[in-house]
Amino acid sequence: MLQQIVSGSRCAVCSATRPFILHLLPYRGIHRHLCTACVLDSHPGSFCPICFDVFLHNPPPPRLCLLCLKCPSISHLSCVPDAPSGYLCPLCSNPNFTFFYVTPTNNAIEINTHLAKQLVAAATIVSESIHNAAVMARINADIRVKEALSAKAEANQVLDRLKYMIDNQNHPKFSLILVSDSSGNDTGENRIYEVKGGSSHSSDDSDKIDD
């Protein structure tokens with residue numbers, strides 16, 4: 001999701017307003033607005049930093065790619081044919097390097113083909129991140145629904161048991177006794193006992209009480 005920067009809006013990572021475009025995506029567990037450069041910076045290994053081809057679920061085979069020695073970045077071998085054995089991606093090889101570097105003119109920016117590729121790569125990564133977050137949210141929601149249904153079923157069993165006991169409390173051989181907890185634990189709980197044939201039993205068949 002893209003959002004044109006308005007007054008007071010800044011990237012949540014670098015606080016820059018220079019790129020003029022913000023992306024809304026899950027970042028460290030929270031939905032935040034990030035500039036294009038910070039989206040690419042925070043997803044090394046998801047794209048080639050030379051041609052900005054996005055890998056996502058289909059990274060190039062090892063024989064056709066180069067791994068940066070300092071970060072998870074993956075570059076096409078064809079994009080850096082003369083790379084040394086100790087290859088460093090552009091971000092690691094140049095401390096002053098930044099993705100999507102633009103210079104505004106009259107409060108506007110001109111997006112050339114190189115910048116457009118970076119913008120498309122960032123937007124693709126953001127779209128995938130939002131999709132993954134939605135899938136996880138759906139999975140978690142399904143788990144919560146199952147837990148709620150299980151709790152409801154247990155509560156219904158307790159209510160059915162209590163209803164059965166109440167319906168039979170006037171039976172000559174079956175009655176109820178509601179006893180307050182006097183154990184001194186100050187739990188504020190009561191116990192329900194079934195009384196049958198001169199002896200009483202708790203509803204969980206324990207702690208007999210003499211008449």
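In this predicted model, residues 1-8 have a pLDDT that stays under 50, and the model has 19 contacts beyond four places in sequence for them. A second segment of this kind lies at residues 197-211, where pLDDT again stays under 50 and where the model has 21 contacts beyond four places in sequence. Where pLDDT is low, the predicted coordinates should not be read in detail. For the protein as a whole, the average pLDDT is 78, and 74% of the residues score at least 70.

**Overall architecture**

The protein contains three helices and eight strands. Read from the N terminus, these elements follow the order β-β-β-α-β-β-α-α-β-β-β. Of the 211 residues, 27% count as buried. The exposed area of the protein is about 14000 Å², of which carbon and sulfur atoms supply 53%. Considering contacts between residues at least 6 apart in sequence, 37% join residues at least 24 apart.

**Helix H3: salt bridges and a nonpolar patch**

Helix H3 spans residues 113-167. How many salt bridges does a search of the whole structure find? The search returns two, and they are listed below.

| Salt bridge | N to O distance |
|---|---|
| Arg-144 and Glu-147 | 3.9 Å |
| Lys-163 and Asp-167 | 2.9 Å |

Arg-144 and Glu-147 are three residues apart in helix H3, and therefore about one helical turn separates them. At a distance of 3.9 Å, this pair meets the salt-bridge criterion because a side-chain nitrogen of Arg needs to be within 4 Å of a carboxyl oxygen of Glu. Glu-147 has a relative accessible area of 45%, so this residue is classed as partly exposed.

Lys-163 and Asp-167 are both in helix H3 as well, where they are four residues apart, about one turn of the helix. Their side chains meet at 2.9 Å, N to O. Both Lys-163 and Asp-167 are exposed.

The surface also carries a nonpolar patch formed by Met-136, Ile-139 and Ile-143. Together these residues have about 250 Å² of accessible area. Ile-139 is located in helix H3, and this residue counts as partly exposed because its relative accessibility is 41%. That value satisfies the requirement for patch membership, because a patch residue needs over 30% relative accessible area.

**Backbone conformations with positive phi**

Most residues other than glycine have a negative phi. Two residues in loops of the model depart from this pattern: Arg-28, with a positive phi of about 55°, and Phe-100, with a positive phi of about 50°. Neither Arg-28 nor Phe-100 is a glycine.

Arg-28 belongs to the loop between strand S2 (21-27) and strand S3 (30-35). Phe-100 belongs to the loop between helix H2 (90-93) and H3. Are these two residues buried or exposed? Arg-28 has a relative accessible area of 74% and is therefore exposed. Phe-100, by contrast, counts as buried, because its relative accessibility is 1%.

Notes
Residues are numbered from 1 along each chain as its sequence is written. This is a predicted model: local features need pLDDT of at least 70, side-chain atom pairs count only at pLDDT 80 or more; totals for chains, interfaces and linings use all residues. Side-chain values use heavy atoms; hydrogens and water are left out. Patches are made of residues with over 30% relative accessible area and no salt bridge: like charges are joined within 9 Å, nonpolar side chains (Val, Leu, Ile, Met, Phe, Trp, Tyr) within 5 Å. Accessible areas come from the Shrake-Rupley method with a 1.4 Å probe; for residues, only the protein chains shown count as cover. Helices (H or I, at least four residues) and strands (E, at least two) are DSSP runs, numbered from the N terminus. Buried means under 20% relative accessible area, exposed over 50%, partly exposed in between (1.4 Å probe, protein chains only). Contact means heavy atoms within 4.5 Å. pLDDT is the predictor's confidence in each residue, from 0 to 100.
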